[in-house]
Amino acid sequence: MRKEDTVKLISAEGFEFVIDKKAAMVSQTIRNMLTSPGSFAETQHGEVTFPEISTIILEKICQYFYWSLQYASGKETEFHIEPELTLELMMAANYLHT
């Protein structure tokens, strides 16, 4: 996969998730960061740092992005969320507009 087809999402702890750009675009916030005109670092480098989102939450968000693409293409499966992650995940989802 070519580098321009991927996006690097970086958690508060510095863990890096390299995902398909198409999956990352599920988030309106990430889409705006990567496609805004101008010389934004996110646009130039294809990476977004989330200093307020923990690694475990960002991992679940990445899973959701891929699940959302599958769901949109007609594959209806369940997306499991552990109860202890619910509040923090809802706050992150609200920020990311997912």
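**Group meeting: core, helix faces and polar contacts in a predicted model**

Let me begin at the edge of the fold, with Glu-16, whose side chain makes a polar contact with the side chain of Lys-8 at 3.5 Å. I should say at once that what we are looking at is a predicted model, and that everything I describe is computed from it. Glu-16 sits in strand β2, and with a relative accessibility of 43% it counts as partly exposed. Leaving aside residues up to four places away in sequence, Glu-16 touches Lys-8, Leu-9 and Ile-10. Gln-28 is 12 residues from Glu-16 along the chain, and the C-alpha atoms of the two are separated by 20 Å.

From there I would like to move to the core. The largest nonpolar core has 22 residues, and the members that touch the most others are Leu-9, Ile-30, Phe-50, Ile-53 and Ile-61. At least two core residues come from each of β1 (6-10), β2 (16-20), α1 (21-24), α2 (28-35), α4 (55-72) and α5 (86-96), and the element that gives the most is α4, with 5 residues. As general background, nonpolar side chains tend to be buried together in soluble globular proteins.

Let us look at Leu-58, which lies in helix α4. Its relative accessible area is 0%, so Leu-58 is buried. Beyond its neighbours up to four places away in sequence, Leu-58 touches Leu-9, Ile-10, Ser-11, Phe-17, Phe-50 and Ile-53. Phe-79, by contrast, is 21 residues from Leu-58 along the chain, with 15 Å between the two C-alpha atoms.

One of those contacts brings us to Ser-11, which is found in the loop between β1 and β2. Is Ser-11 buried or exposed? At 2% relative accessibility it counts as buried, and a polar contact of 2.7 Å joins its side chain to that of Thr-55. With residues up to four places away in sequence set aside, Ser-11 touches Phe-50, Ile-53, Ser-54, Thr-55 and Leu-58.

Ser-54, in turn, has its place in the loop between β3 and α4, and because its relative accessibility is 14%, below the 20% cut-off, it too counts as buried. The side chain of Ser-54 makes a polar contact with the side chain of Glu-88, at 3.2 Å. Not counting residues up to four places away, Ser-54 touches Ser-11, Glu-13 and Glu-88.

Now to the helices, starting with α2, where Thr-29, Ile-30, Met-33 and Leu-34 are buried. Why do these residues line one face of the helix? Seen down the axis of α2, the buried residues fall within an arc of 125 degrees, so they share that face. The general point behind this is that an α-helix has 3.6 residues a turn, so residues three or four places apart point the same way. The partners against which the buried residues of α2 pack are β1, α1, α3 (41-45), β3 (47-49), α4 and α5. Ile-30 itself touches Leu-9, Ala-24, Phe-50, Phe-65 and Leu-96, residues up to four places away again being left out. At the N-terminal end of α2, Ser-27 acts as a cap, with a side-chain oxygen 3.3 Å from the backbone nitrogen of Thr-29.

The second helix to consider is α5, whose buried residues are Leu-89, Ala-92 and Leu-96. These residues cover an arc of only 65 degrees around the axis, which puts them on the same side of α5, and they pack against α2 and α4. The face turned away from that buried side carries the exposed residues Leu-87, Met-90, Met-91 and Asn-94. Just after α5, His-97 takes a positive phi of about 55 degrees.

Finally, a word on the pocket. How much space lies in the largest pocket? The volume is about 210 Å³, and of the 14 residues that line this pocket, Lys-3, Thr-6, His-45, Gly-46 and Glu-47 are the closest to its centre. The elements giving two or more residues to the lining are β1 and α3, and α3 supplies the largest share, with 4 residues.

Technical notes
Residues are numbered from 1 along each chain as its sequence is written. This is a predicted model: local features need pLDDT of at least 70, side-chain atom pairs count only at pLDDT 80 or more; totals for chains, interfaces and linings use all residues. Side-chain values use heavy atoms; hydrogens and water are left out. A nonpolar core is a set of buried Ala, Val, Leu, Ile, Met, Phe, Trp, Tyr and Cys residues joined through side-chain atoms within 4.5 Å. Buried means under 20% relative accessible area, exposed over 50%, partly exposed in between (1.4 Å probe, protein chains only). Contact means heavy atoms within 4.5 Å. The arc is that of the directions from the helix axis to the C-beta atoms. A polar contact is a pair of N or O atoms within 3.5 Å; within protein, one must be able to donate a hydrogen and the other to accept it, and residues adjacent in sequence count only if both atoms are side-chain atoms. On a 1 Å grid over the protein atoms alone, a cavity is a set of points where a 1.4 Å probe fits but cannot get out, and a pocket is an open set with protein on both sides within 12 Å along at least five of seven lines; lining residues have an atom within 4 Å of a point. Grid points are joined across faces, edges and corners, and a volume is the space filled by probe spheres set on the points.
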